[in-house]
Amino acid sequence: MIRKLQHVFALSEKGARDFVKAVMWSFFCNISLMLPVGVVMATLQYLLDTLETGGDPSAKVLVYTGAAAAVLLLLFLLHYFQYASLYLATYQESAARRISLAETLRKLPLSFFGTRDLSDLTATMIADCSALDQMFSHYIPQLFASIFSTIFIGICMLSINWRMALAVLWVLPAAVLLTTGSKKLQDVFGTQNILAKRAVTDAIQEDLETIRDIKSCNRQETCMKKLDALLERSERSSIHSELATGVFVCSAQAFLRIGLATTVLVGAGLLAEGQLSFLYFLGFLFAAARLYDPIGLVLQNIAATFSAKLKIERMRAIQEQPVQTGAEVCEPENYDIVFDHVKFSYRAHESVLKDVSFTARQGQVTALVGPSGGGKSTACKLAARFWDIQGGTITLGGIDISTVDPETLLRHYAFVFQDVVLFRDTILENIRLGRRDATNEEVYAAARAARCDEFIRELPQGYQTMVGENGSTLSGGERQRISIARALLKDAPVILLDEATASLDVENETAIQDAISQLVKNKTVLIIAHRMRTVAGADHVVVLTDGCVAQQGTPQELMAQEGLYRQMMLRQQESQFGSKNHS
Ligand SMILES: Nc1ncnc2c1ncn2[C@@H]1O[C@H](COP(=O)(O)OP(=O)(O)OP(=O)(O)O)[C@@H](O)[C@H]1O
């Protein structure tokens with residue numbers, strides 16, 4: 001049963017056990033709601049008896065007061081245990097659920113993020129998880145407990161007086177049928193509502209991310225109109241979804257109340273015929289009122305319970321993605337990177353690397369060059385197992401990287417990408433990302449070597465200056481030098497470098513070249529080279545075009561051959577001379 005619960009509700013083993021406990025305590029709590037009815041009935045019975053026999057009604061006042069106090073204490077204890085098993089356990093499970101989702105995301109290959117809408121992922125991580133917290137703390141265990149307690153109380157009622165029991169209970173199946181019968185409708189409107197809300201989130205996110213371009217193209221009004229239309233659609237679908245739920249749930253709750261009327265009618269009839277004592281008649285009335293309360297509550301939340309399935313499925317879709325795994329120890333003999341007949345595609349039937357073989361040797365700079373779209377960035381990222389390849393092998397010092405845990409593997413790599421990501425933190429901490437335990441002195445030394453110490457010290461708070469969102473307060477060249485400082489601090493044996501394509505001023509370019517030459521000393525360097533100077537200074541050049549290696553060798557060897565490399569170099573020379581003559 002535990003396994004089944006784990007599967008259906010996507011719970012951990014502990015979560016499933018806590019779920020069973022929560023149902024059990026909720027069941028006892030529901031049953032305990034009948035105890036005050038018992039005490040009231042027993043007291044009434046005693047009072048009626050003493051009235052009949054002429055005894056002293058206050059003789060047993062202590063006994064009945066004691067019984068009432070004992071029932072209160074019991075109710076308190078049961079609700080306390082229910083609280084602990086329901087809320088505390090649910091929130092512990094919820095923390096475990098979020099951590100497990102985050103762990104899964106951490107281990108997923110980048111291909112997963114390329115195919116998933118990021119705002120949808122965020123919604124699953126935040127909104128779906130919160131909705132599930134609410135469901136597991138407020139609705140689902142109570143739903144099960146109510147079913148069991150109603151069956152139990154129903155059997156007790158039937159054994160006391162079957163006609164009165166039927167008068168109380170007949171409304172239950174009808175109310176439940178009315179609510180569950182509307183499930184399909186609620187599913188349809190519920191899904192539409194989720195999609196409409198997601199469209200609004202997507203649009204807001206996109207507008208915020210592209211605000212600069214929107215303003216520069218003067219498209220504010222168009223964007224606002226689009227957003228207004230989406231908001232209106234979302235509002236309409238929320239109303240439809242609430243209506244679809246509300247109409248059925250309110251009808252079902254109203255229907256439950258008819259049960260009170262039938263209890264009174266049947267009870268009055270039986271009382272008149274002398275087949276039911278007044279006390280039992282009162283008892284059934286009290287019991288009916290208490291029985292309907294938890295059920296009414298469950299019906300009210302049943303729509304939310306239905307939508308749990310959708311949310312659990314979305315979460316499970318993430319948790320069941322194949323994660324990248326591998327050995328957690330990786331001690332290669334050396335740091336040569338070897339691509340051996342590598343085949344790779346981002347999407348089925350769209351080959352990006354068709355057959356790529358080359359070696360990037362330790363202590364050498366290997367430059368990847370070629371026309372745009374040829375697969376240079378892809379090859380560079382595959383070297384660090386950002387994606388898993390579909391054919392051939394990539395090895396690091398003789399170890400197939402697909403057999404190494406990605407986080408273990410990445411300890412051997414440092415990256416300097418064009419699109420440098422800086423976090424909203426101080427410059428000092430942004431550099432320290434390279435090695436969390438680096439001292440301030442080590443950070444300063446790395447910054448000096450990466451030629452960024454000077455400009456950092458000129459900032460208002462020096463190294464303690466906060467970097468704006470994604471480094472927006474720094475120039476492109478400055479951002480790249482900070483990322484070089486990070487890589488220097490990490491001091492990893494393999495460097496993957498994507499040279500900036502954007503034209504930098506001479507000062508910045510020289511500073512970056514200096515910083516890079518500090519970084520690459522004695523390392524395995526794989527560089528996506530865009531500048532002639534870099535390519536000419538490389539030890540080995542690999543020309544990638546259309547997913548294949550067109551040429552490879554030293555710059556001098558390739559220059560001596562007729563081929564793509566020579567054409568590219570000559571074209572670059574021409575354009576440089578052209579622009580110089582022009583200026
Ligand atoms: N994340 C991705 N998802 C799907 N296709 C991609 C992705 N990244 C790149 N591609 C495609 O793969 C092909 C190779 O791209 P890649 O970025 O590796 O080329 P490149 O040689 O580095 O180009 P450039 O010099 O313009 O950066 C291109 O057709 C590109 O559209």
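Let me begin with residues 143-160, where the chain is 100% helix and 0% strand, and where the end C-alpha atoms are 26 Å apart. I should say at once that this is a predicted model, and that everything I describe is to be taken in that light. The span comes up because the UniProt annotation "transmembrane region", from an unreviewed entry, covers residues 143-160 along with residues 20-41 and 61-81. For residues 20-41, the model gives 91% helix and 0% strand, with the end C-alpha atoms 33 Å apart.

Next, helix H11, which runs over residues 220-272 and has 53 residues. At 1.5 Å a residue these should span 78 Å, and the end C-alpha atoms are 77 Å apart, so the expected and computed spans agree. Which residues of H11 are buried? They are Ser-237, Ser-241, Ala-244, Thr-245, Phe-248, Val-249, Ala-252, Leu-256, Gly-259, Thr-263, Val-266 and Gly-267. As background to reading that list, an α-helix has 3.6 residues a turn, so residues three or four places apart point the same way. Just after H11, Gly-274 takes a positive phi of about 75°.

Turning to the interior, the largest nonpolar core has 70 residues, of which Leu-368, Ala-485, Ile-495 and Leu-496 touch the most other members. Helix H19, residues 476-490, gives the most to this core, with six residues. Apart from this core lies another, of 32 residues, which includes Met-135, Met-157, Val-168 and Ala-308. If we leave aside the neighbours within four places in sequence, Leu-368 is in contact with Lys-376, Ala-379, Cys-380, Leu-526, Ile-527, Ile-528, Ala-529, Val-542 and Leu-544.

Lys-376 brings us to the ligand, since Lys-376 is one of the residues that come nearest to it, together with Tyr-346, Ser-372, Ser-377 and Thr-378, out of eleven around the ligand. By class, that shell has two nonpolar, eight polar and one charged residues. Which helix gives the most to the shell? That is H14, residues 376-382, with three residues.

Finally, a word on Arg-432, which lies in helix H16, residues 427-432. Is Arg-432 buried or exposed? Arg-432 counts as buried, because it has 22 C-beta neighbours inside 10 Å, where the cut-off for that class is 20 or more. Not counting residues up to four places away in sequence, Arg-432 touches Ala-438 and Val-443, while its C-alpha atom is separated by 9.5 Å from that of Ala-446, 14 residues apart along the chain.

Methods
Residues numbered from 1 in each chain as written. Predicted model: local features only at pLDDT ≥ 70, side-chain atom pairs only at ≥ 80, totals over all residues. Core = buried A, V, L, I, M, F, W, Y, C linked by C-beta atoms within 7 Å. Buried ≥ 20, exposed ≤ 12 C-beta atoms within 10 Å, placed from the backbone. Helix = DSSP H or I, 4+ residues; strand = E, 2+ residues; numbered from the N terminus. Contact = placed C-beta atoms within 7 Å. Near = placed C-beta within 6 Å. Nonpolar A, V, L, I, M, F, W, Y, C, P; charged D, E, K, R; others polar. UniProt positions renumbered as here; feature names shortened; annotations may be inferred. Expected span 1.5 Å × (residues − 1).
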